[in-house]
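User: I would like a close look at a single part of this model. Please keep the explanation plain.

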Amino acid sequence: QVQLVESGGGLVQPGGSLRLSCAASGSIFSVNPMGWYRQAAGKQRELVARITIGGRTNYADSVKGRFTISRDNAKNMVYLQMNSLKSEDTAVYYCNTEITNWGGRSSTYWGQGTPVTVSS
């Protein structure tokens with residue numbers, strides 16, 4: 001079984017920073033692209049940032065220049081550094097990845113979500 005556990009969300013003032021972390025654990029042979037998604041109240045879930053196993057990244061236009069995604073392949077972890085936060089960044093943030101287990105089977109996994117609220 002594989003589990004994704006996120007941490008680091010919370011309440012922050014506009015212009016502030018937060019760092020989200022996501023740890024993958026369980027029967028893992030390889031962790032493929034890892035990403036962060038978010039879902040604001042009443043809206044669809046959207047991609048925020050994604051990083052390949054080789055470190056290639058892509059970002060939503062709304063967060064470019066403010067957010068940075070990174071990963072630690074040895075620890076099966078992905079991070080999202082969020083700077084210059086705006087009220088419109090308020091959402092529940094979800095970690096997402098595709099994992100191949102030791103049996104060669106690949107599946108997509110989601111974390112439980114961590115809330116981020118940007119408000120004064």
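What is the order of the strands in the open sheet of four strands, and which pairing do they have?

Analyst: The model is predicted. In the open sheet, the four strands run in the order E1-E3-E8-E7, and their pairing is antiparallel. In general, the strands of a sheet pair through backbone hydrogen bonds, in either a parallel or an antiparallel way.

The edges of the sheet are strand E1 (2-7) and strand E7 (67-72), each of which pairs on one side only. From one strand to the next, the twist averages 15°.

Take the E1 edge. Strand E1 pairs with strand E3 (residues 18-26) over six bridges, in the antiparallel sense. Within this part, Ser7 stands opposite Ser21 in E3.

The sheet also supplies residues to the largest nonpolar core. That core has 28 residues, and those touching the most other members are Trp36, Val48, Phe67, Val78, Leu80, Met82 and Tyr93. At least two core residues come from each of several strands, including E1, E3, E7 and strand E8 (77-82). In soluble globular proteins, nonpolar side chains tend to be buried together.

Phe67 shows such contacts in detail. Beyond its neighbours within four places in sequence, Phe67 is in contact with ten residues' worth of surroundings that include Val48, Leu80, Met82 and Tyr93. Arg38, Gln81, Asn83 and Asp89 are also among the contacts of Phe67.

A residue from another strand reaches Leu4 as well. Asn96 is found in strand E9 (residues 91-100), and residues up to four places away aside, Asn96 touches Leu4, among others including Pro33, Arg50 and Trp110. Asn96 counts as buried because its relative accessibility is 6%, and the cut-off for buried is under 20%.

Key. Residues are numbered from 1 along each chain as its sequence is written. This is a predicted model: local features need pLDDT of at least 70, side-chain atom pairs count only at pLDDT 80 or more; totals for chains, interfaces and linings use all residues. Side-chain values use heavy atoms; hydrogens and water are left out. Two strands pair if DSSP finds at least two bridges between them. Axes are lines fitted to C-alpha atoms, for helices over the stretch in contact, and angles run from 0 to 180 degrees between N-to-C directions. Buried means under 20% relative accessible area, exposed over 50%, partly exposed in between (1.4 Å probe, protein chains only). Contact means heavy atoms within 4.5 Å. A nonpolar core is a set of buried Ala, Val, Leu, Ile, Met, Phe, Trp, Tyr and Cys residues joined through side-chain atoms within 4.5 Å.
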